[in-house]
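Me: Please take a close look at the interface between the chains. Start with the chain on one side of it, then work outward from there.

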Amino acid sequence: YRDLHTFELQAPTRVIEWAGGSRVCVAGYGQAGGNEILQLIPPPALQAKETQGLCPERDFKVECGGFSKRPVYSLKYVPDTSLLVTSGPPDSSLQVWQVSAEDSDVIKSVSTIATENAMGQPWAKIATISARASWVLHGSTLDSIQITEVELRKNVYTAGSLDGEELAGLAFLDSSTAVLCCARGRLCVADVRQPRGALQALPAPAAPCGDRWCLGTACATQGSGPGARPVARLSSRGLLTLTDLRKASEPLASATARVPSPSSGAEFLCVSWAPALPGCLAISGFDGTVHVYDTQSWDSCGREAEPIFVHKGHALDGSGDPALVTVHMWHPQKPRTVLSAASDGSLHVWDWVQP
Amino acid sequence: MPEIKVTPLGAGQDVGRSCILVSIAGKNVMLDCGMHMGYNDDRRFPDFSYITQNGRLTDFLDCVIISHFHLDHCGALPYFSEMVGYDGPIYMTHPTKAICPILLEDYRKITVDKKGETNFFTSQMIKDCMKKVVAVHLHQTVQVDEELEIKAYYAGHVLGAAMFQIKVGCESVVYTGDYNMTPDRHLGAAWIDKCRPDLLISESTYATTIRDSKRCRERDFLKKVHETVERGGKVLIPVFALGRAQELCILLETFWERMNLKAPIYFSTGLTEKANHYYKLFITWTNQKIRKTFVQRNMFEFKHIKAFDRAFADNPGPMVVFATPGMLHAGQSLQIFRKWAGNEKNMVIMPGYCVQGTVGHKILSGQRKLEMEGRQILEVKMQVEYMSFSAHADAKGIMQLIRQAEPRNVLLVHGEAKKMEFLKQKIEQEFHVSCYMPANGETTTIFTNPSIPVDISLGLLKREAAIGPVPDAKKPKLMHGTLLMKDNSFRLVSPEQALKELGLAEHQLRFTCRVHIQDPRKEHETVLRVYNHLKGVLKDYSVQHLPDGSITVESILIQATAHSEDQGTKVLLVSWTYQDEELGSYLTSLLKKGLPQSTS
């Protein structure tokens with residue numbers, strides 16, 4: 001490690017979102033209500049260029065907070081607005097919140113984006129892109145995908161699909177295309193320029209049934225067009241597949257991560273590309289560790305790959321039940337800095353040294 | 001409704017200069033009397049004019065309580081007691097009483113000697129002020145006067161810091177001062193019992209902070225020391241005699257042992273004696289670990305840490321030195337600093353806050369050229385690092401304390417207004433208590449609901465229990481009785497028993513009213529008419545026609561006589577006791593309306 005900071009949140013979080021590179025948001029996911037959404041100011045060391053060891057300000061500060069009755073499973077800032085949206089059980093609606101840090105330190109609930117037949121549906125996955133202000137792409141199943149313009153509360157796109165398969169993740173590739181990943185691994189692409197559009201399904205990789213998948217895409221501002229960066233998928237058995245969407249019939253590369261057999265299912269599976277390190281991605285959600293891989297050496301055989309770094313901090317802390325890493329997130333500018341959170345409420349910020 | 005009034009004179013909504021005035025059941029208590037470290041003028045003292053306009057302070061205030069020795073909680077005390085004028089008792093814990101004068105004197109020296117201020121308290125004033133201090137032990141209930149009592153609880157934070165409970169009758173307030181809910185290497189965590197005060201006044205400085213873990217700070221500290229020593233540099237750590245110094249020593253000792261380091265670590269002797277002395281006195285104020293080490297060996301007999309001699313500072317090679325005073329404003333630490341400042345391989349690590357005007361403060365603000373006595377310029381090439389291990393409660397800690405004490409109301413001080421709204425809502429939602437955040441000079445009134453215990457006589461209880469359904473435990477039950485107040489006890493008894501005890505005879509009040517009715521018939525016919533009428537109207541009441549010609553409605557008696565002068569008019573006499581007033585007057589108005597024209 002070059003640097004490691006450990007913090008303890010009052011309640012564990014499964015979301016870490018950056019707001020404009022200078023604020024971090026976390027939220028609780030307890031079933032009993034009383035969950036807090038906290039917008040944090042990271043310590044200056046995280047924002048500065050050089051790391052300082054004994055900087056006087058080493059703590060996160062809660063800039064503002066809000067209270068959510070629902071557990072927060074997903075949270076995204078709405079670009080160019082002072083709003084953020086959250087989603088969580090028991091249905092697929094979205095909650096809209098107002099953040100006004102200068103006036104008061106309370107994040108207020110302003111409205112709800114209801115979805116049709118929302119009751120009983122799994123929680124919605126959310127995506128935004130900075131090129132499209134106020135747009136929120138959301139849905140919980142393939143037939144409930146839509147884009148809502150949050151400030152005008154208008155629906156601007158609905159995917160025409162009759163397939164009710166559960167979604168594992170969705171993301172904007174650029175301002176006109178979105179990619180969707182089903183829980184069973186299938187990928188679809190949607191052109192969002194028209195208010196209604198069909199989904200274009202892509203051939204799925206040959207994967208054993210019963211696996212659950214999750215999606216990781218590169219930050220949509222980089223590159224141009226859907227092929228600039230491959231899309232990564234992670235299965236609950238540790239299989240990582242990279243797909244170039246222009247040639248989706250064959251995976252670009254794949255590898256297997258050495259992970260323990262899935263225990264509590266794929267609840268917290270998370271895979272993400274490093275914004276500043278080409279070809280690097282991180283995975284978590286199997287146990288108390290976060291693995292970082294360099295995919296540039298991979299081929300399409302699916303062999304077991306060696307991580308270039310493993311963060312074990314969450315597994316070592318504490319004496320009770322081993323913690324499970326719930327989410328991780330790269331720092332937008334600092335190339336090797338990652339934030340990770342675990343089910344015991346810990347929040348780590350770490351910066352590793354390239355071996 | 002009884003109320004508790006709280007007015008912060010300082011630390012209402014900013015940090016520094018803590019001073020809170022509490023009015024409870026007619027008693028006035030001042031909590032802390034701090035100095036604001038950021039100002040050089042009158043703004044550094046709390047605004048005492050708020051109280052002085054009410055007359056002499058000694059008459060107005062029943063006592064002053066100081067929570068701990070940090071200057072932002074006791075710095076204005078000599079000014080307040082000797083220059084503004086107060087002769088009443090000042091309460092603080094034993095360690096605080098021992099350490100306060102030292103810090104105050106140090107502070108006085110810096111302000112007067114170094115900064116050249118004139119309107120400041122003198123050494124004699126500090127001594128006179130401390131003469132008014134009454135030291136208290138933890139969990140000892142101290143009677144300030146017949147009605148006011150106070151009790152100190154362990155607060156962690158620094159040696160001798162306490163939270164105070166102020167109680168008058170059944171109303172109480174708990175003031176936390178600065179506290180810490182997680183134990184550290186040399187202090188335990190704050191603790192309070194389920195005392196259920198009407199009000200808890202808590203600091204909220206760090207409520208919005210999510211602190212870096214202790215381990216990370218310590219690791220970084222050790223890394224810096226190690227790096228400096230490895231390259232042959234010297235590390236200076238200016239400390240105040242107690243508290244953090246012990247922690248850092250233990251830390252370094254363990255690290256040296258583990259890494260098998262050879263560089264010498266020194267602790268200046270003046271420090272050792274004083275520290276030893278204080279620790280012997282106040283060992284119960286530290287945590288288990290320290291107590292154990294103290295029993296096993298002398299506090300400062302570390303394997304790797306030796307006593308310092310002035311000459312060692314000139315020795316070549318790496319070393320680490322702990323020296324006083326903590327802000328580099330005078331004495332040994334300043335001497336060593338001057339010797340080592342010119343070498344960039346060396347490092348100085350400041351472990352805490354430095355007052356403006358001290359060398360410590362200057363170098364922390366980035367100054368690299370310092371003017372010393374005799375116009376000498378000292379160039380600071382050594383590395384300057386700051387590290388704070390000071391312990392305050394964060395949001396989680398505040399919630400823990402509220403959970404322990406179970407107050408009915410919470411008041412927050414020491415934080416910024418805008419930044420406390422979230423915490424206020426959090427507290428209100430979780431504990432369903434009201435949360436207040438007054439600004440300086442703003443008075444907050446908290447209404448209390450004191451319960452007054454009353455003894456009830458067995459006879460009355462039995463009688464009331466016999467009437468009506470079994471009383472519901474959660475619903476108030478209305479009962480009639482007589483309240484006897486004698487000395488300080490209250491008793492509720494039945495009226496008969498009260499009369500008996502007091503030797504009074506019961507008087508009966510009976511009202512009689514005359515109602516004129518036009519009826520030419522004979523009296524007994526009129527009576528029958530009245531009877532039938534009343535029986536028809538008052539279906540829920542017992543209406544009876546007695547053989548002697550009178551009518552009774554419950555216990556009210558109605559008799560008819562002929563008018564003495566006019567045979568056509570009958571006079572109805574309606575008579576009732578005081579208890580039946582309501583029914584009686586109703587009957588009267590009913591009869592006044594006349595009888596229905598019907599055949600009887």
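Reply: Chain A has two helices and 28 strands. This is a predicted model, so every value here is computed from predicted coordinates. Chain A holds 355 residues, and 58% of them count as buried. Take the contacts in chain A with a separation of 6 or more: 53% of these join residues 24 or more positions apart.

Now the interface itself. On the chain A side, 29 residues make contact, and they meet 28 residues of chain B. Together the two chains bury about 2500 Å². Carbon and sulfur atoms give 52% of that area.

Next, the polar side of the interface. The rule finds three salt bridges across chain A and chain B. Glu8(A) takes part in a salt bridge with Lys396(B), where the closest N and O atoms are 2.8 Å apart. Between the two chains, nine residue pairs are in polar contact, with both residues of each pair at pLDDT 80 or more.

Which elements of chain A give two or more residues to the side that touches chain B? They are β1 (3-8), β4 (35-41) and β5 (60-68). That side of chain A divides into eleven nonpolar, seven polar and eleven charged residues.

Strand β5(A) also pairs across the boundary. Its partner is strand β12 of chain B, residues 209-210. The pairing is antiparallel and runs over two bridges. Within this region, Phe60(A) stands opposite Ile210(B) of β12(B).

A helix of chain B comes next. Helix α14(B) spans residues 421-431. Its buried residues are Phe422(B), Leu423(B), Lys424(B), Lys426(B), Ile427(B) and Phe431(B). What do these residues pack against? On the chain A side, their partners are β4 and β5. Within chain B, they pack against α13 (395-405), β21 (409-413) and β22 (434-436). Just after α14(B), the backbone of His432(B) adopts a positive phi of about 55 degrees.

Back to the stretch of chain B that leads into β12. Ser204(B) sits in the loop between β11 and β12 of chain B. Is Ser204(B) buried or exposed? It is buried, because its relative accessibility is 4% and the cut-off for buried is under 20%. A long sequence gap separates Ser204(B) from Ser542(B): 338 residues. In space, their C-alpha atoms are 68 Å apart.

The loop before β11 deserves a look too. Arg196(B) lies in the loop between β10 (171-175) and β11 (199-203) of chain B. Phi of Arg196(B) is positive, near 50 degrees, although the residue is not a glycine. With 44% relative accessibility, Arg196(B) counts as partly exposed.

Arg196(B) is also one of the residues that Ser172(B) touches. Ser172(B) belongs to strand β10 of chain B. Ser172(B) is buried, because its relative accessibility is 5%. Leaving aside residues up to four places away in sequence, Ser172(B) touches Ile4(B), Ile24(B), Gln165(B), Ile166(B), Lys167(B), Arg196(B), Pro197(B), Asp198(B) and Leu199(B). Among these, Leu199(B) opens the range given for β11, 199-203.

Further along chain B, there is another positive phi. Asn260(B) has a phi of about 55 degrees and is not a glycine. Its place is the loop between α8 (244-259) and β14 (265-268) of chain B. Asn260(B) counts as exposed, because its relative accessibility is 54% and the cut-off for exposed is over 50%.

Glu385(B) is a charged residue in strand β20 of chain B, residues 383-386. Where does its accessibility place it? At 11%, Glu385(B) counts as buried. Met347(B) is 38 residues away from Glu385(B) in sequence. The C-alpha atoms of Met347(B) and Glu385(B) are 7.4 Å apart.

One backbone feature of chain A remains. The peptide bond from Pro89(A) to Pro90(A) is cis, with omega near 15 degrees. Pro90(A) falls in the loop between β7 (83-87) and β8 (94-98) of chain A.

To return to the interface: β4 and β5 of chain A each give two or more residues to the side that touches chain B. The buried residues of α14(B) pack against these strands, and β5(A) also pairs with β12(B).

Methods. Residues are numbered from 1 along each chain as its sequence is written. Chains are lettered from A and ligands numbered from 1 in the order in which they are written. This is a predicted model: local features need pLDDT of at least 70, side-chain atom pairs count only at pLDDT 80 or more; totals for chains, interfaces and linings use all residues. Side-chain values use heavy atoms; hydrogens and water are left out. Helices (H or I, at least four residues) and strands (E, at least two) are DSSP runs, numbered from the N terminus. Buried means under 20% relative accessible area, exposed over 50%, partly exposed in between (1.4 Å probe, protein chains only). Contact means heavy atoms within 4.5 Å. Buried area is the accessible area (1.4 Å probe) that two parts lose on being put together, summed over both. A salt bridge is a side-chain nitrogen of Lys or Arg within 4 Å of a carboxyl oxygen of Asp or Glu. A polar contact is a pair of N or O atoms within 3.5 Å; within protein, one must be able to donate a hydrogen and the other to accept it, and residues adjacent in sequence count only if both atoms are side-chain atoms. Two strands pair if DSSP finds at least two bridges between them.
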